[in-house]
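This report looks at how strands and nonpolar side chains are arranged in one protein model. Please keep the sequence and the structure in view while reading.

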Amino acid sequence: MKGRRVMGEFAFPHGMQPGDYGRHPHDQQWMARTPNGHLCNLSRHEVVEHDDWTITVSPSIAVSRSHDEVVWHGFLEHGVWREC
């Protein structure tokens with residue numbers, strides 16, 4: 001899925017659609033919404049910004065509801081989401 005970079009206060013977090021990513025306008029923390037709609041905070045990841053305004057995040061992004069329930073796991077590379 002090709003993601004979309006969003007900016008502006010209106011987008012965070014409730015205005016974010018699946019695949020969106022961006023920096024929160026107040027604290028500059030990277031956030032994203034996975035392709036299946038789960039919000040994730042990327043503060044524990046390395047985020048590389050590219051010249052075309054896309055990002056690459058490492059390591060992989062894992063979102064879970066509890067210790068044993070992963071609801072999305074994959075990568076965001078050059079603005080493209082890929083599930084693993």
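## The hairpin of β6 and β7

In this predicted model, β6 is joined to β7 by a hairpin that passes through two residues. The strands β6 and β7 run antiparallel and are linked by six bridges; within this pairing, alanine 62 has histidine 73 of β7 as its bridge partner.

## From β7 to β8

On the far side of its sequence, β7 takes part in a further pairing, in which four bridges connect β7 to strand β8, residues 80–83, again in an antiparallel arrangement. Here leucine 76 stands opposite tryptophan 81, which belongs to β8. The hairpin of β7 and β8 has two residues between the strands, and in this hairpin histidine 78 adopts a positive phi near 50°.

## The nonpolar cores

Which residues have the most contacts inside the largest nonpolar core? They are Leu42, Ile61 and Leu76, in a core that has 13 residues. At least two residues of this core come from each of β3 (30–33), β6 (55–66) and β7 (69–77), and β6 gives the most, with four residues.

Leucine 76, already met as the residue opposite tryptophan 81, touches Tyr21, Ile55, Thr56, Val57, Ile61 and Trp81, when residues up to four places away in sequence are not counted. Another core, of five residues, lies apart from the largest one, and Val6, Ala11, Phe12 and Met31 are among its members.

Definitions and conventions
Residues numbered from 1 in each chain as written. Predicted model: local features only at pLDDT ≥ 70, side-chain atom pairs only at ≥ 80, totals over all residues. Heavy atoms only, no water. Core = buried A, V, L, I, M, F, W, Y, C linked by side-chain atoms within 4.5 Å. Buried < 20%, exposed > 50% of the residue type's maximum accessible area, 1.4 Å probe, protein only. Contact = heavy atoms within 4.5 Å. Pairing = 2+ DSSP bridges.
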